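Me: Could you take a close look with me at one part of this protein? I'd like to talk about its pockets.

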Amino acid sequence: MIKKIDHIAIAVRDLESALETFRNVLGCAPEAITVEEVPSEKVRVAFIPLGETKIELLQPLADDSPISKFLQKNGDGMHHIALETDDLEQETRRITALNLSTLGAPKDGAGGKSIVFLHPKETNRVLIEFTEHKS
């Protein structure tokens, strides 16, 4: 079962500049922000807390990163919406039973979570991520 919006992700070319902008817009203290690298996705990620959800900024670390390809095609902007679940495997089975496609199998993501993406061609051109906090 989907619990809530975990985060809204924004692809950026310059993480430091975007962090400054969003810190100012959201009035967030710098120490509340977490930054990490996700080697499997070839990105550097910053999470800015906003109530029960977060804004996630994604900067590519390599030219062949999915985020790099997104930026080349679209420029900076919204990349995906992540929905939190307690059981990623169950949600993946549920989606598959509805004849919707995932973009690969569940894998490790940022923030100690397991993630899987749904194909945006089947979700009104919105890239949706399911995320589950690992125990």
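How many nonpolar, polar and charged residues does the lining of the second largest pocket have?

Reply: Happy to help! This is a predicted model, in which local features need pLDDT of at least 70 and side-chain atom pairs count only at pLDDT 80 or more, while totals for chains, interfaces and linings use all residues. Residues are numbered from 1 along each chain as its sequence is written, and side-chain values use heavy atoms, with hydrogens and water left out.

By class, the lining of the second largest pocket has twelve nonpolar residues (Ala, Val, Leu, Ile, Met, Phe, Trp, Tyr, Cys and Pro), five charged (Asp, Glu, Lys and Arg) and five polar (the others, Gly among them). A pocket here is an open set of points on a 1 Å grid over the protein atoms alone, where a 1.4 Å probe fits, with protein on both sides within 12 Å along at least five of seven lines; lining residues have an atom within 4 Å of a point. The space in the second largest pocket comes to about 300 Å³, a volume being the space filled by probe spheres set on the points, which are joined across faces, edges and corners.

Of its 22 lining residues, Glu-41, His-79, His-80, Ile-115 and Phe-117 lie nearest the centre. At least two lining residues come from each of strands E3 (43-50), E4 (53-60), E5, E7 (113-118) and E8 (128-133), and from helix H2. Those labels are DSSP runs numbered from the N terminus: helices are H or I with at least four residues, strands E with at least two.

H2 (66-74) and E5 (77-85) also each give two or more residues to the lining of the largest pocket, where H2 gives the most, with five residues.
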